[in-house]
Amino acid sequence: MKGSAIVLSVFVVGMLLAYFGVLPAIMAQYDLSTIALYFLMFMVGVSIGADEHVVAILRSVSFKIVLVPIGVVVGTTIGALLVSFIVKGIDTKNVLAIGSGFGYYSLSSIFIGKISGNQMGVVALLANMIRELSTLMLAPLYVRLFGRLAPVAAAGATSMDTCLPVIMRYSGKEVAIIALFSGIALTIVVPFLVVFILSL
């Protein structure tokens, strides 16, 4: 939990510094988070590439690896359906679309905002950010209670980038390939599934 607390603390400090205008204005002119993300992905690639057992791991998971993103889609859809019975003021279609963001808040919130209005876009943004942050914070607990793939499922599309270091730390390096595959598959699915649900 110490590592997750540090991640959240860094996030909160960055948000506060930006809010109070402490940071230089030039930081807002460049998409530094994307550059940092590319560097993070590079380092993850280096870490995986340096692992002599990667090919063996990939062979061992074979077709079963496809079941992970499929399970995430099915589980998230069931969870969103249950939530739709509890949450008032948001119809089932929008709840399903928000859930289908799979943590990819920057993309899903734009689609949902354009189709269902800005209010739903903000709800989608917050809901998917909470999904990502809860994975960063609770990954050790998820592993303890539900097994090593639980953080991969909880992270959704973010298992391929922002949540990957936490997943590798608490689920093990051998899960990194599964997390990357699941995250990439869900990232591809998000725009199609969100638009499809909202078109029903």
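A residue counts as buried under 20% relative accessible area, as exposed over 50%, and as partly exposed in between. In this predicted model, Ile184 has a relative accessible area of 41%, so Ile184 is partly exposed. Ile184 belongs to helix H11, which covers residues 176–199. Ala157 lies 27 residues from Ile184 in sequence. In space, the C-alpha atoms of Ile184 and Ala157 are 6.7 Å apart.

The nonpolar cores come next. In soluble globular proteins, nonpolar side chains tend to be buried together. The largest nonpolar core of the model holds 18 residues. Val152, Cys163, Leu164, Ile167 and Ala179 touch the most other members. Four elements give two or more residues to this core: helix H8 (118–146), helix H9 (150–155), helix H10 (164–171) and H11. The largest share comes from H11, with five residues. Cys163 also has contacts beyond its neighbours within four places in sequence. Its partners there are Glu132, Thr135, Leu136, Ala155 and Thr158. A second core is separate and has 17 residues. Val72, Ala80, Val95 and Val190 are among them.

Helix H6 (92–99) is mostly covered. Six of its eight residues are buried. These are Asn94, Val95, Leu96, Ala97, Ile98 and Gly99. The buried residues of H6 pack against H5, H7, H8 and H11. At the N-terminal end of H6, Asp91 acts as a cap. A side-chain oxygen of Asp91 lies 3.1 Å from the backbone nitrogen of Lys93.

Phe102 sits in the loop between H6 and helix H7 (105–116). Its relative accessibility is 0%, so Phe102 counts as buried. Phe102 is not a glycine, yet its phi is positive, at about 50°.

Phe102 is also touched by Thr76. Thr76 is found in helix H5, which covers residues 67–86. The relative accessible area of Thr76 is 13%; the cut-off for buried is under 20%, and Thr76 is therefore buried. Leaving out residues up to four places away in sequence, Thr76 touches Gly99, Phe102 and Arg131. With Arg131, the link is a polar contact between the two side chains, at 3.5 Å. A polar atom of the Thr76 side chain also lies 2.7 Å from the backbone oxygen of Val72. Val72 is a member of the second core.

The second largest pocket has about 320 Å³ of space. Its lining is made of 15 residues. Ala80, Val83, Val95, Ile98 and Gly99 lie nearest the centre of this pocket. H5, H6 and H8 each give two or more residues to the lining. H5 gives the most, with five residues. The lining residues divide into nine nonpolar, five polar and one charged.

Several residues recur across these descriptions. Ala80 and Val95 belong to the second core, and Ala80 and Val95 also lie among the residues nearest the centre of the second largest pocket. Val95, Ile98 and Gly99 are buried residues of H6, and Val95, Ile98 and Gly99 are likewise listed nearest that centre. Gly99 is touched by Thr76 as well.

Key:
Residues are numbered from 1 along each chain as its sequence is written. This is a predicted model: local features need pLDDT of at least 70, side-chain atom pairs count only at pLDDT 80 or more; totals for chains, interfaces and linings use all residues. Side-chain values use heavy atoms; hydrogens and water are left out. Buried means under 20% relative accessible area, exposed over 50%, partly exposed in between (1.4 Å probe, protein chains only). A polar contact is a pair of N or O atoms within 3.5 Å; within protein, one must be able to donate a hydrogen and the other to accept it, and residues adjacent in sequence count only if both atoms are side-chain atoms. Contact means heavy atoms within 4.5 Å. A nonpolar core is a set of buried Ala, Val, Leu, Ile, Met, Phe, Trp, Tyr and Cys residues joined through side-chain atoms within 4.5 Å. On a 1 Å grid over the protein atoms alone, a cavity is a set of points where a 1.4 Å probe fits but cannot get out, and a pocket is an open set with protein on both sides within 12 Å along at least five of seven lines; lining residues have an atom within 4 Å of a point. Grid points are joined across faces, edges and corners, and a volume is the space filled by probe spheres set on the points. Ala, Val, Leu, Ile, Met, Phe, Trp, Tyr, Cys and Pro count as nonpolar, Asp, Glu, Lys and Arg as charged, and the others, Gly among them, as polar.
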